[in-house]
Amino acid sequence: MAADQQINITANQFASLSVTLTWVAAGAPIDVTGYTARMHVRNPSVNKFPLCLELTTENGGVSVGGADGKVTLTATAAQTGAMTPGAHVYDLLMLSGADAHRMAEGTFTVVRGVTTLA
C-alpha cells in the first residue's frame, strides 16, 4: 500500500532536526487527535536493512497535533550524529486503535557533518 504522501527529508549530521508535516486527504487536513505515530529510518544499501533512527510519540520523537493534521518529527544532534551520511528511506505510520495508516514515506538524506559534538 502506498503512503498518503511522498515527502523527502534532509537532515544535517550532528545537528538537531525538526520537521512539521501535515496529513491531508482530498486537500483537507485529517484530524489526528488521539493518534500515536511511529517512524523508522533505515539504510537500504546495507545488508539486512538496519534501523538507523526510530522516532515515536512514546520516545518524544513525534508530536501529534489535533484537527490541523500537524505531525512534528524531532531528532537530537546526537541522533543525527550517529547516522551514516547518505540516502536512507523512511515511512511514518499513524496509529489509532487497531488501525494503522502510512501517512508519509520517502527518502531521508543525511548530509555529512564536519564539526562533531565532542
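**Chat on the fold and Gln-13**

Q: What does the secondary structure of the protein chain come to?
A: One helix and eleven strands. Helices (H or I, at least four residues) and strands (E, at least two) are DSSP runs, numbered from the N terminus. This is a predicted model: local features need pLDDT of at least 70, side-chain atom pairs count only at pLDDT 80 or more, and totals for chains, interfaces and linings use all residues. Residues are numbered from 1 along each chain as its sequence is written, and side-chain values use heavy atoms, without hydrogens and water.

Q: And which pattern along the sequence?
A: The protein chain reads β-β-β-β-β-β-β-β-β-α-β-β.

Q: What does the C-alpha trace span?
A: About 40 × 30 × 25 Å along the principal axes of the protein chain.

Q: How much of the chain is buried?
A: 33% of the 118 residues. Buried means under 20% relative accessible area, exposed over 50%, partly exposed in between (1.4 Å probe, protein chains only).

Q: Switching to Gln-13. Where is its place?
A: Gln-13 lies in the loop between strand S2 (9-12) and strand S3 (17-22).

Q: Is Gln-13 buried or exposed?
A: Buried, at a relative accessible area of 10%.

Q: Which residues is it in contact with, leaving aside neighbours within four places in sequence?
A: Thr-80, Gly-81, Met-83, Pro-85, Val-110, Val-111, Arg-112 and Gly-113. Contact means heavy atoms within 4.5 Å.

Q: What does the side chain of Gln-13 reach?
A: The backbone oxygen of Met-83, at 2.9 Å.

How values were computed: A polar contact is a pair of N or O atoms within 3.5 Å; within protein, one must be able to donate a hydrogen and the other to accept it, and residues adjacent in sequence count only if both atoms are side-chain atoms.
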